Amino acid sequence: DDVSNIGKYGELLNSQDVIVYLASPRLLELTDSSQLIEPISQFKKTIDLITNEKVRFIFSSSCSVYGKRTDIVNEKSDTQISSLYSELKISCENILLSKNNPKFKIVRLSTLYGVSKLNRNDVLINNLIQDIKEEKPIEIFDPLAERPHLHVKDCVKILKSIIEGDFNDTIINIGKNELNINKIDLIINN
């Protein structure tokens, strides 16, 4: 089903141990601020449906909430709107935080890459691999821009650990500083 129909699943949501909320438009799909209204509304509706205080809820956010920075960030760093996508994630995080529920958690994912049925063509590493496979020239825009990267399989392992365990912090970054690399270094050193 689609998250737009979440209203009919209140009973099902409240019978779960853990819910991981992954529904979100992708960065390149958001071209106008009016497009934020529906996903934010769907997220709020989902959160409002959860009345069982035993349900753990994990919201999949993004490292993009930190904006363009030169300093190293952590979960306590201020967020900055740098795109419609980051605005969406920050808005949903604020909705979740306003509930003040210790069972509601936010995971801020690094930039995920890897092969999938719906291959993402808005991810640098995926694009580089595709260009190499097709023997296309590699074009790099903003070569010194740094992003934290994480393979989707590693992310799944980390999420599994979070689901099976528990953590006290409300927000947790999923990534590793060693995988925070600029585009030129990614191409030259790998």
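Here a biologist asks a modeller about some labels used for this predicted model.

Biologist: Let's start with rings. Why is the pair of Tyr-21 and Phe-43 called edge-to-face?

Modeller: Their planes are 80° apart, and over 60 degrees counts as edge-to-face, so the label fits. The ring centres lie 5.0 Å from each other, and the cut-off for a pair is within 6.5 Å.

Biologist: What makes this pair a tie between separate parts of the chain?

Modeller: Tyr-21 belongs to strand 1 (residues 18–21) and Phe-43 to helix 2 (residues 37–49), so parts 22 residues apart in sequence get tied together. Both Tyr-21 and Phe-43 are buried, too.

Biologist: And why is the pair of Phe-43 and Phe-59 called tilted?

Modeller: With planes at 55°, the pair is neither under 30 degrees, which would be stacked, nor over 60, so it ends up as tilted. The centres are 4.7 Å apart. Phe-59 sits in strand 2 (residues 56–62) and Phe-43 in helix 2, so this pair joins parts 16 residues apart in sequence. Ring pairs also link Tyr-21, Phe-43, Phe-57, Phe-59 and Phe-104 into a cluster.

Biologist: Now charges. How do you know that Lys-99 and Asp-48 form a salt bridge?

Modeller: The N to O distance is 2.8 Å, and the limit is within 4 Å, so they qualify. Lys-99 is in the loop between helix 3 and strand 3 while Asp-48 is in helix 2, so the bridge ties parts 51 residues apart in sequence. Lys-44 joins Asp-48 and Lys-99 in a network of salt bridges.

Biologist: Why is Lys-99 called partly exposed?

Modeller: Its relative accessibility is 35%. Buried would be under 20% and exposed over 50%, so Lys-99 lands in between. Asp-48, at 36%, is partly exposed as well.

Biologist: What about Asp-1 and Lys-8: what makes them a salt bridge?

Modeller: Their closest N and O atoms are 3.4 Å apart, and within 4 Å is what it takes, so yes, they count. Asp-1 has a relative accessible area of 68% and Lys-8 has 59%. Over 50% means exposed, so both get that label.

Biologist: One last thing. What makes the phi of Asn-100 worth a look?

Modeller: Asn-100 has a positive phi of about 50° although it is not a glycine. Most residues other than glycine have a negative phi. Asn-100 is in the loop between helix 3 (84–98) and strand 3 (104–109), and at 70% relative accessibility it counts as exposed. Glu-135 also has a positive phi, about 55°, without being a glycine.

Methods:
Residues numbered from 1 in each chain as written. Predicted model: local features only at pLDDT ≥ 70, side-chain atom pairs only at ≥ 80, totals over all residues. Heavy atoms only, no water. Phe/Tyr/Trp six-rings, centres within 6.5 Å; stacked < 30°, edge-to-face > 60°. Helix = DSSP H or I, 4+ residues; strand = E, 2+ residues; numbered from the N terminus. Buried < 20%, exposed > 50% of the residue type's maximum accessible area, 1.4 Å probe, protein only. Salt bridge = Lys/Arg side-chain N within 4 Å of Asp/Glu carboxyl O.
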